[in-house]
Amino acid sequence: MRSSGGRLLKDCRKSLSGTPNIDRLAREGAKLTQHLAASPLCTPSRAAFMTGRYPIRSGMASYSRIGVFLFSACSGGLPSTEITFAKLLKKQGYSTALIGKWHLGMNCNNKSDFCHHPLSHGFDYFYGIPVTNLRDCKPGEGSVFILGCRLLVFIPLQIIGVALLTLEMCNCLRLFRVPHWVFFCLLFLAAIILVLLAVFHHYMRPLNCFLMRNHEITQQPMSYDNLTQRLTHEAIQFIQRSAEMPFLLVLSYLHVHTALFSSKDFAGKSQHGAYGDSTEEMDWSIGQVLNALDEMRLANKTLIYFSSDQGAHVEEVTSKGEMHGGSNGIYKGGKANNWEGGIRVPGILRWPGMIQAGQEIDEPTSNMDLFPTVAKLAGSPLPEDRIIDGRDLMPLLQGTSQRSDHEFLFHYCNSYLNAVRWHPQNGTSIWKAFFFTPKFNPEGSNGCFATHVCFCHGHYITHHHPPLLFDISKDPSEKNPLTLETEPRFHEVQQVLQEAVDRHKRTLAVVPNQLSLGNVLWKPWLQLCCPTSGLSCHCDTESQDPGVNR
């Protein structure tokens, strides 16, 4: 089970009183208190989770400001050469399904090749959304394209307006005569920009926010009415169909990514506003799945993993001051940066009889670790033709090992190596060195509020020579960078970290970048649309009957 977007349980030692089912998972399983996302953004984090590899290895890391897929009709996506854990388990006879958010691409060359689709990556069944839950998908919730509109629409319109006024003043003052066709061309250009803006806002929702079942669109644009109930219903139906055989279910919730939503049974019921409503609805869904496993006597045969793509999106604050992106507690930063707040995520694993209940494991682990863990449990050998960066979690979970197999972990901000972490095998320290950090704005804040997310290069970052060094075991909030005066081993630690980075870089190969500008832009020939809707791209074959049994 994976949540989308903001964090739900930032510190797994703490629980939310409105989440009894997540609390139950934590109580009956093991809590990884230093569980780390391989990227602080959804698309690359999901690629790492699915493949057990740093996103840079598969080309799922951007060199530009756009670090995720924003359009359903783009040509980038998880390459077909990548091996997901779903592919491995399917070869071992598992029934496989992905329900919810995908966000790893759709098509390559035409709108029916489905080269990046979940069914092309080892899943037998898919029900959900191909991209992500955007503010643009929910009327009245604003847009994630405000900055882009400002650059591509409002600034050009302002320039055109200034040009028109200047030319008219020149005419009035008889400095020189401006032909009428010049005014006409400028006005025509402004009209085209406004028309394109109107068309974009009109079609953005249906073209990018739709539900699919396998390769068919079932609802375009998607409705949020009982959406979590429908996803839950699909998940339980899949479990029931697969009860007599081994199965893999990736239930990837749209909660708690903005735009926040919840059904009438949960809206306004929590003590923590819209974010709390969404969280409690997701918790209800988890409870329904747990109940289904209990009823079918599958609980003791099922490994459950609960986590999130990345940390809370701290810049998601409404005009009323409501935090729609969640909270990272004591941890600095958030989504889109590699401070602990951006990459430290929930990590709960439950398997009654196989994993001791009530454990807290304080060793560094990664969401990439699920790949080798489930592969070994399913009896599948790991691919030998590529580097797998994840490590089997079962020795830690079952107590046969007290140390994480990750001596070093590398933290990328898109394609740029941002930081490196070192947990010496013979020590308790966890060293973390930053080669650059984002410039928070306003200065002194805990995020990049002017740009809504932090960026990874150019004037948006500060480079550090020598790298900014912390001991996370003593300073998890990353408040006090170490110096030679405060840490006698400063140079020694820096040298070890640099040598680890050099070794890591030698393992990287040049691969096509799936998040290049050409791959993330909207391509009309790749656009999926309801087959009977014409140009309107509107249809609804969904049944919204599933209700809530609280």
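Here is a short chat about a predicted model and some of its local features.

Me: Hi! Which residues have the most contacts inside the largest nonpolar core?
Reply: Those are Met222, Leu249 and Ile286, in a core of 49 residues.

Me: And which helix gives the most to this core?
Reply: Helix α6, residues 180-208, with seven residues. There is also a second, separate core of 45 residues, and it includes Phe49, Trp102, Val374 and Ile388.

Me: Why would residues like that gather in cores?
Reply: As a general tendency, nonpolar side chains in soluble globular proteins are buried together.

Me: Back to α6. At what angle do the axes of α5 and α6 cross?
Reply: At roughly 160°, and the axes come within 10 Å. Helix α5 covers residues 146-172.

Me: Roughly parallel or roughly antiparallel, then?
Reply: Roughly antiparallel, because angles over 145 degrees count that way. The crossing of α5 past α6 is left-handed.

Me: Cool. Which residues meet there?
Reply: Quite a list! From α5, they include Leu152, Val153, Ile160 and Glu168. On the α6 side, Phe183, Leu186, Ile193 and His201 are among them.

Me: How many of the residues in that contact are nonpolar, polar or charged?
Reply: The contact of α5 with α6 has 18 nonpolar residues, two polar and one charged.

Me: New topic: Gln359. Is it buried or exposed?
Reply: Gln359 is buried, because its relative accessibility is 15% and the cut-off for buried is under 20%. You can find Gln359 in strand β11, residues 359-361.

Me: What is Gln359 in contact with, leaving aside its neighbours within four places in sequence?
Reply: With Gly29, Ala30, Lys31, Leu396 and Leu397.

Me: Now the backbone. Where are there cis peptide bonds?
Reply: One joins Thr258 and Ala259, with omega about 10°. Ala259 sits in the loop between β8 and α8. Another joins Asn441 and Pro442, with omega about 0°, and Pro442 is in the loop between β15 and β16.

Me: Why point those out?
Reply: Because most peptide bonds are trans. Likewise, most residues other than glycine have a negative phi.

Me: So which residues have a positive phi although they are not glycine?
Reply: Phe114 has a phi of about 50°, and Ala336 has one of about 80°. Look for Phe114 in the loop between β4 and β5, and for Ala336 in the loop between β9 and α9.

Me: Is Ala336 buried or exposed?
Reply: Ala336 is buried, with a relative accessible area of 4%. Phe114 is buried too, at 10%.

Methods. Residues are numbered from 1 along each chain as its sequence is written. This is a predicted model: local features need pLDDT of at least 70, side-chain atom pairs count only at pLDDT 80 or more; totals for chains, interfaces and linings use all residues. Side-chain values use heavy atoms; hydrogens and water are left out. A nonpolar core is a set of buried Ala, Val, Leu, Ile, Met, Phe, Trp, Tyr and Cys residues joined through side-chain atoms within 4.5 Å. Buried means under 20% relative accessible area, exposed over 50%, partly exposed in between (1.4 Å probe, protein chains only). Helices (H or I, at least four residues) and strands (E, at least two) are DSSP runs, numbered from the N terminus. Axes are lines fitted to C-alpha atoms, for helices over the stretch in contact, and angles run from 0 to 180 degrees between N-to-C directions. Angles under 35 degrees count as roughly parallel, over 145 as roughly antiparallel, 65 to 115 as roughly perpendicular and the rest as oblique. A crossing is left-handed if the near helix is turned anticlockwise from the far one by less than a right angle, and right-handed if clockwise. Contact means heavy atoms within 4.5 Å. Ala, Val, Leu, Ile, Met, Phe, Trp, Tyr, Cys and Pro count as nonpolar, Asp, Glu, Lys and Arg as charged, and the others, Gly among them, as polar.
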